Amino acid sequence: MMNVHSKGQVAGERAHEADHPSSLVAHFGPDQPLRLDCGVDLAPFQIAYQTYGTLNADKSNAILVCHALTMDQHLANVHPITGKPGGWLTLVGPGKPIDTERYFVICSNVIGSCMGSTGPASTNPATGRLWGLDFPVITIPDMVRAQAMLIDRLGIDKLFSVVGGSMGGMQVLQWTVAYPDRVFSAMPIACATRHSAQNIAFHELGRQAVMADPDWAHGRYFENGLHPHRGLAVARMAAHITYLSDAALHRKFGRRMQDRELPTFSFDADFQVESYLRYQGSSFVERFDANSYLYLTRAMDYFDIAADHDGVLAAAFRGTQTRFCVVSFTSDWLFPTAESRAIVHALNAGGARVSFAEIETDKGHDAFLLDEPEFIDIAHAFLQSAATARGLGRGH
């Protein structure tokens, strides 16, 4: 675990990023509220974002990448808190499927997160105090509405593509339903049109772990210089298990011991897999706000596209002109292939142009972030085909 000094230092960095991010920021004043599904108008607010590449003259080469739950806008640059490389370097960068030398790539921190877009870790301008649990509960459609306001601000009428996995994939689907005329192509990866009961249950486990930490202090931990790092680390450990597969865990760790040959007959991390999970938990709390974790998991739980269309999923996509590539992974038990097939069936029923790929892998849900050659090839081919149809040349 981090010592007291480094914990405080990291907390300070995290707090600074929440209001003054190390990225571009779009400010929206009291006259431009974000209308939230819960009935609240959020204003003023800000969106932190990164861009890579150059917008072409007719603004037709913009790709919006929607990040996953615990990721942020730092896709292809060094992360300002962790100092680690970008979050999606397998897919985004020069010569990669989302080619930053060919496309203008945008990634915004979602509303409710903690890396510069307004959320519970931000300062409430009305009180001068951090929002905490006074921040209104947000939804995936709220996130997408905020992104649309950012895209408007950038002067882009139509996105060449919207791409994302997991919670990012939910945002991709919401974009195509809410703004069908503004999305030329879409790539929803390892996601679903609604959360399963099992996924809601895992999220509730994580939220209860956070809220059971005495340092959570009913969501006001920051006022006392606290951070519920133990509860948040447990939440991250539980979630991380769902991102992997039994085969991936066995391949990486098996039952191998950690730096010893015999059990210690204690509750130390005897097994490598235990040590790995503890590391995942402790490194996560350095860069993520506990309240944001509550808000974003709740937003995923509430997501249900069909519910807004009388329970008929196909009705949500009826008449869409967007080109789709839906991707799933065989060992993803968090968002199994059956969920992606349901999306494809609904798109077919709605008359959409859709391709579907199920990637054979033992890497689990996280495969979309990893070096999975077949997935990378499919993403490249889909975007290349869409670029040809859009009339995008090789250059800008």
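## Working through helix H8 and strand E4

The buried residues of H8 are covered by, among others, helix H2 (140-153), helix H3 (167-178), helix H4 (197-212), helix H5 (229-243) and helix H7 (272-287). Keep in mind that this is a predicted model.

**Exercise 1.** Work out what helix H8 (residues 290-302) should span at 1.5 Å a residue, then check it against its end C-alpha atoms.

*Solution.*
- Step 1: H8 has 13 residues. The rule multiplies 1.5 Å by one less than the number of residues, so the helix should span 18 Å.
- Step 2: The end C-alpha atoms turn out to be 19 Å apart, which agrees.

**Exercise 2.** Find out how many residues of H8 are buried, and which ones.

*Solution.*
- Step 1: Buried means under 20% relative accessible area.
- Step 2: With that cut-off, 11 of the 13 residues in H8 count as buried, and the helix is mostly covered.
- Step 3: Now name some: Tyr293, Leu294, Tyr295 and Leu296 are among them, and so are Ala299 and Met300.
- Step 4: Have a look at the start of H8 too. There, Asp289 brings a side-chain oxygen to within 3.3 Å of the backbone nitrogen of Asn291, and Asn291 is itself one of the buried residues.

**Exercise 3.** Decide whether strand E4 (residues 45-52) is largely enclosed or not, and find how it pairs with E1 and with E6.

*Solution.*
- Step 1: E4 is largely enclosed by the rest of the structure, because 7 of its 8 residues are buried.
- Step 2: Strand E1 (residues 24-28) pairs with E4 in the antiparallel sense, over 5 bridges. Here Leu24 sits opposite Tyr49 of E4.
- Step 3: Strand E6 (residues 104-108) also pairs with E4 in the antiparallel sense, over 4 bridges. Gln50 has Cys107 in E6 as its bridge partner.

Technical notes: Residues are numbered from 1 along each chain as its sequence is written. This is a predicted model: local features need pLDDT of at least 70, side-chain atom pairs count only at pLDDT 80 or more; totals for chains, interfaces and linings use all residues. Side-chain values use heavy atoms; hydrogens and water are left out. Helices (H or I, at least four residues) and strands (E, at least two) are DSSP runs, numbered from the N terminus. Buried means under 20% relative accessible area, exposed over 50%, partly exposed in between (1.4 Å probe, protein chains only). Contact means heavy atoms within 4.5 Å. A polar contact is a pair of N or O atoms within 3.5 Å; within protein, one must be able to donate a hydrogen and the other to accept it, and residues adjacent in sequence count only if both atoms are side-chain atoms. Two strands pair if DSSP finds at least two bridges between them.
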